[in-house]
Each structure stands twice: as C-alpha cells, then as structure tokens.
Amino acid sequence: MSAIWPIALVVVSNILYQICAKSVPREMDAMASLTVTYLVGAVCSAVMFFVLNPGGSLLREYGKLNMAPMLLGISVVGLEAGFLYAYKAGWPVSTASIVQSAFLSLALLVVGALLYQEAVTPSKVLGVVICLVGLYFLSK
C-alpha cells in the first residue's frame, strides 16, 4: 500500500487540477490566476509542513536548498500556464492531458536514459509507441 498512495494522490489531485484549470474564467489573465494558485499552494504547503513535522523549522529546511526547488517553481509555472492557455485556446479536458502525457512519456524515456542511466527496454519503447498510436486515434 505504501507505494500506491503517492500515485493515487497524483491521480486524484490531477483530476481536480484539470477540472479547476479548465474552469478558470477565459477572460481572466492566466498569470493573475496563477498568483492566487501559488499563494494558496504556499499556505497549504506551510500548513502541511508543520502538520507532518511538529516542531519543525522552515528556516532550517531552507538552509538545505539547492537550485532544484527554484527550477521546479519555474517549471511548474510553465506547466500550469501551458494548461491554462491550452484550455483558453479550446483544448478539450479529455484530450489535452493525454496529448501532453504521450509526448512527455517519449521525452522522459530519453531523459531517463541520458541523465539517470535507466534502461530503455523493448517494453518501454512499445509503451511509448502505444501512446503515440493512441494520439493518432484521438485525432480522428
């Protein structure tokens, strides 16, 4: 069960995320919307830090920072803005995530191999091919 709950959290959160991203008013500026999103996210993260780490110190944790959390912040803005603009452009919620996931699976197969020496197995390649075939059928 310990390996399942993080993926379940991602799936449930992503469903809520996609619904909310699609529901941001079309006439609202995406970046203005994201300022509210990140303010709420920062408050939730701080509350969860103290719930999960009673007596913990955010300042002590900040002392352990490297560039990854900052770059993650920039990449998250790109992810969020990309979906907001995709939905404003008329992408259906039922396909936008699937299309990006298919291309992402291909890109991460390469990233995993080049940066982390992960094996590129025939089954992984077949999985990516199936994703790309799925894109063909989604476009019909």
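Let me start with one term: a residue counts as exposed when its relative accessible area is over 50%, as buried when that value is under 20%, and as partly exposed in between. Keep those cut-offs in mind. I will use them throughout. And one caution: this is a predicted model.

Lys64 is a good test case. Its relative accessible area is 57%, so Lys64 is exposed. What does its side chain do? The side chain of Lys64 forms a salt bridge with Glu61, at 3.0 Å from N to O. Glu61 has a relative accessible area of 31%, so Glu61 falls in the partly exposed class. Why can such a pair form? Side chains of opposite charge can pair when their charged atoms come close. How many salt bridges does the count give? The count comes to one.

Now the overall picture. The protein chain holds six helices and zero strands. Read from the N terminus, the elements go α-α-α-α-α-α. Is the chain compact or spread out? Its radius of gyration is 18 Å, while the globule rule gives 14 Å for 140 residues; 18 Å is well over that, so the chain is more spread out than a compact globule. The C-alpha trace spans about 50 × 45 × 30 Å along its principal axes.

A few totals for the chain. Of the 140 residues, 16% are buried. The accessible surface is about 10,200 Å². Carbon and sulfur atoms account for 76% of that surface. As for contacts, take those between residues at least 6 apart in sequence. Of these, 67% join residues at least 24 apart.

On to single helices. Start with H2, residues 30–52. Does its length agree with the expected span or depart from it? It has 23 residues, which at 1.5 Å a residue should span 33 Å; the end C-alpha atoms are 32 Å apart, so the two agree. Which residues of H2 are buried? They are Ala30, Ser33, Leu34 and Phe49. Their cover includes helix H3, residues 58–62, and helix H4, residues 67–88. Notice Ala30 and Ser33 in that list, and Leu34 too. An α-helix has 3.6 residues a turn, so residues three or four places apart point the same way.

H4 comes next. It has 22 residues. From its first C-alpha to its last it reaches 32 Å, close to the 32 Å expected at 1.5 Å a residue. Its buried residues are Glu80, Ala81, Phe83, Leu84, Ala86, Tyr87 and Lys88. What do they pack against? The buried residues of H4 pack against H2, H5 and helix H1, which covers residues 5–23.

That brings us to H5, residues 93–116, where Ser97 sits. At a relative accessible area of 18%, Ser97 is buried. Leaving aside residues up to four places away in sequence, Ser97 touches Gln18 and Phe83. Phe83 we have met already, as a buried residue of H4.

Further along H5 is Leu104. Leu104 has a relative accessible area of 39%, so it is partly exposed. Its C-alpha atom is separated from that of Val128 by 9.5 Å. Those two residues are 24 apart along the chain.

Between H5 and H6 there is a loop, and Gln117 lies in it. At 62% relative accessibility, Gln117 is exposed. What is the phi of Gln117? It is near 55 degrees, a positive value in a residue other than glycine. Here is the background: most residues other than glycine have a negative phi.

Last stop, H6, residues 122–138. Tyr136 lies in this helix, and so does Phe137. Tyr136 is partly exposed, because its relative accessibility is 46%. Phe137 counts as exposed, at 56%. Both belong to a nonpolar surface patch of about 740 Å². Which other residues make that patch? Val120, Val125, Leu126, Val129, Ile130 and Val133.

One more distance from Phe137. Its C-alpha atom and that of Ile74 are separated by 33 Å. Along the chain, these two residues are 63 apart.

To recap: six helices and zero strands, a chain more spread out than a compact globule, one salt bridge, and a nonpolar surface patch that includes Tyr136 and Phe137.

Note on methods: Residues numbered from 1 in each chain as written. Predicted model: local features only at pLDDT ≥ 70, side-chain atom pairs only at ≥ 80, totals over all residues. Heavy atoms only, no water. Patch = residues over 30% accessible without salt bridge, like charges linked within 9 Å, V, L, I, M, F, W, Y side chains within 5 Å. Areas by Shrake-Rupley, 256 points an atom, 1.4 Å probe, with all protein chains shown as cover. Salt bridge = Lys/Arg side-chain N within 4 Å of Asp/Glu carboxyl O. Helix = DSSP H or I, 4+ residues; strand = E, 2+ residues; numbered from the N terminus. Buried < 20%, exposed > 50% of the residue type's maximum accessible area, 1.4 Å probe, protein only. Rg over C-alpha atoms; globule rule 2.2 N^0.38 Å. Contact = heavy atoms within 4.5 Å. Expected span 1.5 Å × (residues − 1).
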